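Work through the exercises below with the sequence and the model side by side. Try each task before reading its solution.

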Amino acid sequence: MPALVPGVEIHRSRARSRDRGGWLDSQHSFSFGRYQDPMNTHFGRLLVNNDDHIAPGTGFDTHGHRDMEIVTWVLSGSLVHQDSEGHSGVIYPGLAQRMSAGSGILHSERNDGWRDGSLRADTPAEPVHLVQMWVVPDTTGEQPGYEQMEIDPRELENHLVVVAGGLPTHEDRAAIRIRNRTSALHAARLTPGRTVELPDAPFLHLYVPLGSVTLEGEGALDTGDAARLTATGGRRVTAGAQGAEILVWEMHAGMTMLDVRGH
């Protein structure tokens with residue numbers, strides 16, 4: 001990997017592209033769907049970081065993916081997943097989920113108010129709030145796969161937990177595995193004033209889906225803000241007065257032009 005120029009880029013929530021329809025409110029950190037910016041396609045191995053709110057009784061109809069590791073982290077509400085490989089599950093806060101698209105997979109994702117093609121009588125009143133993240137796998141054309149695992153909320157409190165890991169050093173620590181041996185996703189729920197130290201990696205993507213934090217050397221990050229850190233070493237993150245939930249991608253490789261063109 002060529003020498004990296006150290007630096008930090010702050011990306012504010014208000015500057016992100018937004019897709020707001022009758023049932024979906026989605027903000028995109030990178031080029032996605034109708035929003036295409038050749039100067040903002042990825043960071044490290046991370047291609048997608050979408051913050052979605054899905055209304056009750058609605059969701060994404062069956063659609064396809066290939067050659068992508070897709071990690072979903074729910075912040076509130078619950079989401080029903082079904083796919084063409086026969087996997088199904090309900091994803092809720094604290095449950096890590098990974099879908100490996102591999103050679104090709106079809107799936108749907110709906111607010112948990114939707115079951116068996118009809119709206120439940122006890123439909124949840126709240127939207128599902130989730131962050132969905134895509135990273136490039138090490139190899140293409142693999143068998144599609146699925147994994148989910150619940151994380152003890154006590155582990156997440158004021159500690160970075162390896163939610164989805166592919167790094168060899170994280171083999172015994174990751175809740176779920178991804179097919180990418182240079183990247184890992186960490187999550188933490190910080191109470192007011194508590195601090196965690198970020199990993200030391202060539203690429204770090206810090207996202208604040210809930211609350212606010214102070215990033216050492218950079219200042220405040222509010223809900224929906226992100227920081228892209230390149231070759232900066234570990235930095236300290238401290239929760240604001242209302243606490244915060246953070247998602248951190250640790251990445252030890254970047255994207256090649258072939259990777260970008262292929263996705």
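**Exercise 1. Find what the side chain of Arg16 and the side chain of Tyr207 share, then place Arg16 in its surroundings.**

Step 1. The side chains of Arg16 and Tyr207 are joined by a polar contact of 3.0 Å. A polar contact is a pair of N or O atoms within 3.5 Å; within protein, one must be able to donate a hydrogen and the other to accept it, and residues adjacent in sequence count only if both atoms are side-chain atoms.

Step 2. The model is predicted: local features need pLDDT of at least 70, side-chain atom pairs count only at pLDDT 80 or more, and totals for chains, interfaces and linings use all residues. Numbering runs from 1 along each chain as its sequence is written, and side-chain values use heavy atoms, with hydrogens and water left out.

Step 3. Locate Arg16 in the loop between β1 (7-11) and β2 (17-20). Strands (E, at least two residues) and helices (H or I, at least four) are DSSP runs, numbered from the N terminus.

Step 4. Arg16 counts as buried because its relative accessibility is 10%. Buried means under 20% relative accessible area, exposed over 50%, partly exposed in between (1.4 Å probe, protein chains only).

Step 5. List the contacts (heavy atoms within 4.5 Å). Leaving out residues up to four places away in sequence, Arg16 touches Gln27, His28, Ser29, Asn49, Asp51, Tyr207 and Gly224. Arg16 and Ser29 lie 13 residues apart in sequence, with 5.8 Å between their C-alpha atoms.

**Exercise 2. Which residues does the UniProt annotation "binding site" cover? Describe the setting of His65 and of Glu109.**

Step 1. The unreviewed UniProt entry annotates His63, His65, His107 and Glu109 as "binding site". They are spread over 47 residues of sequence but cluster in space, with a largest C-alpha distance of 13.0 Å. Such annotations may be inferred rather than shown by experiment.

Step 2. Take His65, in strand β5 (residues 59-65). His65 is buried, because its relative accessibility is 13%. Its side chain makes a polar contact of 3.2 Å with the side chain of His63.

Step 3. Beyond four places in sequence, His65 touches residues including Ile70, Met99, His107 and Trp134. His107 is itself among the annotated positions.

Step 4. Take Glu109, in strand β10 (residues 105-111). At 4% relative accessibility, Glu109 is also buried. Beyond four places in sequence, its contacts include His63, Thr72, Leu79 and Gln132.

**Exercise 3. Which residues touch the most other members of the largest nonpolar core? Trace the core through the strands.**

Step 1. A nonpolar core is a set of buried Ala, Val, Leu, Ile, Met, Phe, Trp, Tyr and Cys residues joined through side-chain atoms within 4.5 Å.

Step 2. The largest core has 26 residues, and Trp73, Met133, Ile151, Leu185, Leu247 and Trp249 touch the most other members. Two or more residues each come from β6 (69-76), β13 (128-135), β15 (161-165), β17 (183-190), β19 (203-215) and β22 (236-251).

Step 3. Check Leu247. Neighbours within four places aside, Leu247 is in contact with Trp73, Met133, Leu185, Leu206 and Tyr207, among others.

Step 4. Leu206 belongs to a second, separate core of 18 residues, which also includes Leu215, Val237 and Ala244.

**Exercise 4. What is the phi of Asp67, and what is the phi of Asn158? Place each residue.**

Step 1. Asp67 has phi near 50°, a positive value in a residue other than glycine. Asp67 sits in the loop between β5 and β6 and is buried at 11% relative accessible area.

Step 2. Asn158 is not a glycine either, yet its phi is positive, about 65°. Asn158 lies in the loop between α1 (153-156) and β15. Asn158 is buried, with a relative accessible area of 8%.

**Exercise 5. Summarise the whole chain.**

Step 1. Count the elements: 2 helices and 22 strands.

Step 2. Of the 263 residues, 52% are buried.

Step 3. Among contacts with a separation of 6 or more, 74% join residues 24 or more positions apart.

Step 4. Along the principal axes, the C-alpha atoms fill a box of roughly 50 × 45 × 40 Å.
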